Amino acid sequence: MCKELRTWMILSLVGAALLCGTATWAQQQPDWSKVQIKTTKISGNIYMLEGQGGNIAASVGEDGIVIVDDQFAPLAEKIQAALKDLKITDKPVRFVINTHYHGDHTGGNVPFNNAGSTLIAHDNVRKRLETGGTAGNGGSIKMDVKPAEKAALPIITFEHDVTVHLNGEDIRALHFPSGHTDGDSIIFFPKNNVVHMGDDFVRYGFPFIDVASGGSVQGMIDAMEKATVQLPPDVKVIPGHGALSNLDDVRAFTKMLKETSAVVQKGHQRSQNAGADEAGKNPCALGKMEKRFRQR
């Protein structure tokens, strides 16, 4: 096996280990009482909340609160308390914007909806939550996703973009197709120079790409490149997972994706060429090569 293909396999295994770890963790049901919500002021009235699951962005002001993603249902009260502890407003969370449908970003939809928040997401987020299905990388990683209850479904959905005008900010959710999933949105806070990129940009290493849910490496690369050109050089970037970042971090992440993709394509081409040579020397080997590729 060529060196480049081995490198890609190692990176893929890292991503697989992370996903499998998440699945195992979910099955074990963590002690939610031990999870602490960390709140960090990012810029102006924009905050980042970290707990268990995807990072949350919050616009907190006199008009009320907008949050981006809501982690898991058992943490909803802690998230609400953390926002109240900021002592900026007594008004509730008026809107929740989901960056995609995965449970570590939408698990709190039901309690927030029940508390009066309006749920917003791309059309495909509602569809995947409503129907359930399969999440996976198109290979060995595969997880069944059960249909969500009605209260978890976004009330407002959009095809391309939507803007929430609150707290003097034009909070814009813009759809980027076929990246982490087929329902990804990146959320822009232009007045405060902040962006929440969901799981199209993460800091834990090689990303999990949910191919079974319409995701793709090229889609993720396209999302990062198109989002980057819309952002000022000093923008503060909230990743789906990991520490607060900047555009240099996003560019490094995009470069890694492009280089890894090139490695995979190069290794695949070498394998195809080797298969063609083998079949040319031995026509009976063609069927074996086709079977080998189908099993990948």
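This is a short walk through one predicted model, from its confidence to its sheet and two of its helices.

Confidence comes before anything else. The chain averages a pLDDT of 87, and 80% of the residues score at least 70. Two stretches need a warning. Over residues 1-27, pLDDT stays under 50. The model has 28 contacts for that stretch beyond four places in sequence. Residues 283-296 are also below 50, with 9 contacts beyond near neighbours in sequence. Where pLDDT is low, the predicted coordinates should not be read in detail. Which elements mark the two ends of the scale? Helix 8, residues 285-294, has the lowest mean pLDDT of the elements, at 37. Strand 6 has the highest, at 99.

Now the sheet. It is open, with 7 strands in the order 1-2-3-4-5-6-9. The pairing is mixed. Strand 1 and strand 9, residues 156-158, are the edge strands, and each pairs on one side only. From one strand to the next, the twist averages 20 degrees.

Let me step across part of that order, beginning at strand 4. Strand 4 pairs with strand 5 in the parallel sense, over 4 bridges. Val-68 has Ile-97 of strand 5 as its bridge partner. Next, strand 5 runs parallel to strand 6, joined by 3 bridges. Here Phe-95 has Thr-118 of strand 6 as its bridge partner. Then strand 6 pairs with strand 9, again in the parallel sense and over 3 bridges. His-122 stands opposite Phe-158 in strand 9.

Is strand 5 mostly covered or mostly open? Mostly covered: 4 of its 5 residues are buried.

Next, helix 2. Together with strand 4 and strand 5, helix 2 makes a β-α-β unit, and the unit is right-handed. Helix 2 spans residues 76-84, and its buried residues are Ala-76, Ile-79, Ala-82 and Leu-83. Why do these four sit on the same side? Because the arc they cover around the axis is only 125 degrees. The general rule is worth recalling: an α-helix has 3.6 residues a turn, so residues three or four places apart point the same way. The face turned away from the buried side carries Glu-77 and Lys-84, both exposed.

What covers the buried residues of helix 2? The cover includes strand 1 (38-43), strand 2 (46-50), strand 3 (56-61), strand 4 (64-68) and strand 5 (93-97). Helix 4 is also part of that cover.

Last, helix 5, residues 123-131. Helix 5 packs on the sheet and touches strand 6 and strand 9. Its direction makes about 105 degrees with that of strand 6. The buried residues of helix 5 are Asn-124, Val-125 and Leu-129. They cover an arc of only 130 degrees around the axis, so they lie on the same side of the helix. On the other side, Lys-127 and Thr-131 are exposed.

The cover over the buried residues of helix 5 includes helix 3 (103-106), helix 4 (109-114) and strand 6 (118-122). So what follows helix 5? Gly-132 does, with a positive phi near 70 degrees.

To close, three points to keep. The open sheet runs 1-2-3-4-5-6-9. Helix 2 belongs to the right-handed unit with strand 4 and strand 5. Helix 5 packs on the sheet at strand 6 and strand 9. And keep residues 1-27 in mind, where pLDDT stays under 50.

Methods: Residues numbered from 1 in each chain as written. Predicted model: local features only at pLDDT ≥ 70, side-chain atom pairs only at ≥ 80, totals over all residues. Heavy atoms only, no water. Buried < 20%, exposed > 50% of the residue type's maximum accessible area, 1.4 Å probe, protein only. Arc of directions from axis to C-beta. Contact = heavy atoms within 4.5 Å. pLDDT = per-residue confidence, 0-100. Pairing = 2+ DSSP bridges. Right-handed = clockwise from strand over helix to strand, strands pointing away. Axes fitted to C-alpha atoms, helices over the stretch in contact; angles between N-to-C directions.
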